[in-house]
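Here is a protein model to question. Ask how each label was earned, then check the reasoning.

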Amino acid sequence: MNWIADLLLEPSAMQTLVIISAICALGLALGKVRVLGVSLGVAFVFFVGIMAGHVGLQADAQMLSFAETFGLVLFVYCLGLSVGPGFFGSLAHEGISLNLWGLGVVLLGTAMAVALCPLTGVSLPDMAGILCGATTNTPALGAAQQTLAFMGLPQSGAALGCAVAYPLGVVGVILAILLMRRLVVKPQRLHAVKSDDEHQTYVARFNVTNKSVEGHTLAQIAQQTRFRFIISRIWRGNEVLVPKSSTQLQQGDRLLVVMMRDEAEALEMLFGERTNEDLNSDAVDWNHLDGAATGEVESRIVVLTRPMLNGRRLGSLQLRKTYRVNISRITRGDTRLLATPNLRLQYGDRLHIVGDRRSLDAIESFFGNSVQSLNEPNLAAIFIGIILGLAVGTLPLSVPGMTLPLRLGLAGGPIVVGLLIGAFGPRFHLITYTTRSASLMLRKLGLSVYLACLGLESGAHFFESVVRPEGLLWIALGFLITLVPVVIVGLLALRFSRMDWGTICGVLCGSMANPMALAYANDTIDGDTPSVSYATVYPLAMFLRVIIVQVVLMLLLN
């Protein structure tokens, strides 16, 4: 049985892999266990790692450092990549508000840390480490250590304070979310707020009764109004038509129009009466609607799987002129986009196309429509993004008035690059499409490996640090710095904002740089709103914490 002992106890690459895999497997299994209706999910891997380190399990230091770095980078990059397509749209509409709430958490926690120094007798360098641990922000700890080294001050207290405060920094955010949900959150806030912004389309049918548009072509009408809309088909008597820009409207025409919801009333004044029917459900059978009229018009959903079309503007393809079809809208992930000429296509887009059967067969071949190819994730984009993310994370950023440069670090660089590639990669013909299941698996894999390594490192000296004279005080301070800002800002957001509970959780987790709490929120809340708001808030909050900890040390220690 010596081979088992060698496999588990002899430091090597294989032994490190076995230990990490065992911690992840046990942690994920125990994370599904519910106590009083609550389970920690993937966050439980961290605590299993602490216990493994405490009982004496050790791994090769270099392999452990590699696995921890790779897991963190893989998680944050894939998170940025998945939310990137909708990130800048959300930033333009509600991102400023989300970041202001996140800024409140950052500033309140920092103010508490500074105020607690004279009240408790903890030195500022040690408190800086406690603050970094309480906010689970290792890039900020690195910045604090660099600043202390530059000033000729010891760094060990900051590192130890971070290690002691870190575990309850993870638990504190999860506990705050759990308590607020059980005691404060009303049932209606648990459901995501449906956004009616420019990224969601609305379909309605109008009867042309306005004589002022009679005899005008669709091109003339579009030029005379500022509203964006697409008429996908026209019912005229017993005939259904695929409209062209030269099509003239007549009294009695029935129009199927795709538009923005908030523009429906204005278009009703333009065209005439809007029918009272729900055409925005996925269950609508468009071909059945067309079947009531004569003609060969059909509706078909075609998937873009032709790589050369990735990033092309829809208007540049001249599809209406070449194929005599009409593209009404495009579904990208969970978002329905209006098929305007300036819209850039992305690999994996689902195009809603109207035309005769022969034209639809031809354009289906043009776009590819190979659903099977979508099951093959484009790993090249992931590895290219990781390289660029690491490069951006290590890039020194000079700030006026500060001697040391700032860096986004291992967590900040990849998520920023992931957001950028997810949003703008198709413009450079970079295929970023990844199936939802593949994206979730990569993110959970990276996070599990990162938590296992982090827990294993912390566990070796965790309980030893706790029994130090100042250990319990540091733990209590870190827990307060974690819990109080999250609860205060969370309650204020529930009281004064219209955000749903998932969005608020994402803001709180992002402002605390806490992927474990985000994993818990995703496991307990339906939808992607926690991940979207997390990615919206995280880059700025993380960058501010890196800056603030350096500024506080430089200003108050001089």
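**How the labels are earned**

Q: What makes helix α10 and helix α16 stand out in this predicted model?
A: Their confidence. Among the elements of the protein chain, helix α10 (residues 286–291) has the lowest mean pLDDT, 63. Helix α16 (residues 471–496) has the highest, 91. For the protein chain, the mean pLDDT is 80, and 85% of the residues reach 70 or more.

Q: Why is N326 called buried?
A: The relative accessible area of N326 is 1%. Buried means under 20%. The value 1% falls under that cut-off, so N326 is buried.

Q: How do you know that the side chain of N326 makes a polar contact with I231?
A: A polar atom of the N326 side chain lies 2.7 Å from the backbone oxygen of I231. A polar contact needs N or O atoms within 3.5 Å. The distance of 2.7 Å is within that limit, so the pair fits on distance.

Q: Which residues is N326 in contact with, leaving aside neighbours within four places in sequence?
A: They include V242, P243 and R320. H352, also in contact with N326, belongs to strand β9 (residues 350–356).

Q: What makes β7 and β9 a pair of strands?
A: Five bridges join β7 to β9. Pairing takes at least two bridges. Five meets that, so β7 and β9 pair. The two run antiparallel. I330 stands opposite L351 in β9.

Q: What makes β6 and β9 a pair too?
A: Seven bridges join strand β6 (residues 297–303) to β9. At least two are needed, so β6 and β9 pair. V303 stands opposite R350 in β9.

Conventions: Residues numbered from 1 in each chain as written. Heavy atoms only, no water. Buried < 20%, exposed > 50% of the residue type's maximum accessible area, 1.4 Å probe, protein only. Polar contact = N/O pair within 3.5 Å; in protein donor to acceptor, adjacent residues only side chain to side chain. Contact = heavy atoms within 4.5 Å. pLDDT = per-residue confidence, 0-100. Helix = DSSP H or I, 4+ residues; strand = E, 2+ residues; numbered from the N terminus.
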